[in-house]
Amino acid sequence: EGNLGAVIKNFKAALSKISEEYGLRFPNYNSKDWKVIQSNSLSTALNLKQLNAFYNLNLKNKPISYHNIRDAYCFNAFTCGLRIRDYQKLNKSNIIEIQDEVSNEKISCLKYIQSKTGQEVIAPIPDIALSIIEKHKGFPSIGSEQDSNNKLKELGKLCGFDEVLYLRNEKGDVIQTSKQYELLTNHSARRTFCTIAYLNGMDTIQIMNL
C-alpha cells in the first residue's frame, strides 16, 4: 500500500508539473479521482525548529551510541532522506565534489545508488550535515535498526516531542493516538527531510528525485 501510494503521488505531481510548465491539459483526468491509499498507522515528521532542537540536544551524560544515533538521524533529515539501509552502507567514497555552474565553486555532495530502486542519487550536503561527518570522522554508526529506533524514542521524549497525534478513519473517528516521540524512528528522518524541503519551497519533482 505504501509503494502504491508513492506511485500515485508521483503520477499526480508529474501531471501537475507538465500542465503548469507546458500548458498541456488532460480533459479526461481529474486528480481527485486518484486517491492516495491512506496508512492504517500513525507516523510523524519533525519540523525544522524541532530538528534543530534535536540536533542541539545536550547529550553529555548519554553513552556515545545516543550521540551517533541522533547525529545520523539529523544528517539524514538535513541531506536527502535516505532509506536507513542505504545510509548504513555509506562511507567516505560516497562524498564527492561537484562544480556549481552558477557560483563556479565546488560543493560537497552525497552520491549513492538506492538499493530499492537502483536509481543514482546525487544530493548537496549542507554545512550542518558536513559538520556531523567531520565530528565523527565519517558517518556515525547507528548499530541495529531496532535498538536505534528505541533510542530515538528516548531522545525524542527527552527533547519534549510529546504532542499527541491522532489517526482518524474516513468517517473522522479517532482510531489511534500516540505521542510524537513514540513515533520517532530512523524512517521518520526520511519524512522529516521531505516535509522540510516541501515547506521551504523545493520543487516536488526534485524532492522525489532525491
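Begin by selecting strand β4, residues 164–168, in this predicted model. One face of β4 is covered and carries Leu165 and Leu167, while the uncovered face carries Val164, Tyr166 and Arg168. In a regular strand, side chains alternate between the two faces of the sheet.

Next, add strand β5, residues 174–179, to the selection. The two strands, β4 and β5, are paired in the antiparallel sense, with 5 bridges between them. Which residue of β5 stands opposite Tyr166? The partner is Thr177. Between the strands of this hairpin there are 5 residues; select Gly172 in the hairpin to find a positive phi near 90°.

Now turn to the largest nonpolar core, a set of 41 residues. Those with the most contacts inside this core are Leu51, Phe54, Tyr73, Phe75, Cys80, Tyr87 and Leu110. The elements that each supply two or more residues to the core are α2 (48–55), α3, α4 (84–87), β2 (106–113), β3, α5 (127–136), α6 (145–158) and α7 (186–199). Which element gives the most to this core? Helix α3 does, with 8 residues. As a general tendency, nonpolar side chains in soluble globular proteins are buried together.

To examine one member of the core, select Phe54. Leaving out residues up to four places away in sequence, Phe54 touches Leu46, Arg70, Tyr73, Cys74, Leu152, Leu155, Gly156, Cys159, Phe161 and Leu184. Tyr73, in this list of contacts, is also among the residues with the most contacts inside the core.

Proceed to helix α3, which spans residues 64–79, and select Asn76 within it. Is Asn76 buried or exposed? Asn76 counts as buried because its relative accessible area is 2%, and the cut-off for buried is under 20%. Apart from neighbours within four places in sequence, the contacts of Asn76 are Gly81, Leu82, Ala189 and Phe193.

The last stop is the second largest pocket, which holds about 260 Å³ of space. Its lining consists of 14 residues; to find the centre, select Ala123, Pro124, Met202, Gln206 and Leu210, which lie nearest to it. Helix α3, strand β3 (120–124) and helix α8 (204–209) are the elements that give two or more residues to this lining. The largest share comes from β3, with 5 residues. Sorted by class, the lining has 10 nonpolar, 3 polar and 1 charged residues.

Key:
Residues are numbered from 1 along each chain as its sequence is written. This is a predicted model: local features need pLDDT of at least 70, side-chain atom pairs count only at pLDDT 80 or more; totals for chains, interfaces and linings use all residues. Side-chain values use heavy atoms; hydrogens and water are left out. Helices (H or I, at least four residues) and strands (E, at least two) are DSSP runs, numbered from the N terminus. Buried means under 20% relative accessible area, exposed over 50%, partly exposed in between (1.4 Å probe, protein chains only). Contact means heavy atoms within 4.5 Å. On a 1 Å grid over the protein atoms alone, a cavity is a set of points where a 1.4 Å probe fits but cannot get out, and a pocket is an open set with protein on both sides within 12 Å along at least five of seven lines; lining residues have an atom within 4 Å of a point. Grid points are joined across faces, edges and corners, and a volume is the space filled by probe spheres set on the points. Ala, Val, Leu, Ile, Met, Phe, Trp, Tyr, Cys and Pro count as nonpolar, Asp, Glu, Lys and Arg as charged, and the others, Gly among them, as polar. Two strands pair if DSSP finds at least two bridges between them. A nonpolar core is a set of buried Ala, Val, Leu, Ile, Met, Phe, Trp, Tyr and Cys residues joined through side-chain atoms within 4.5 Å.
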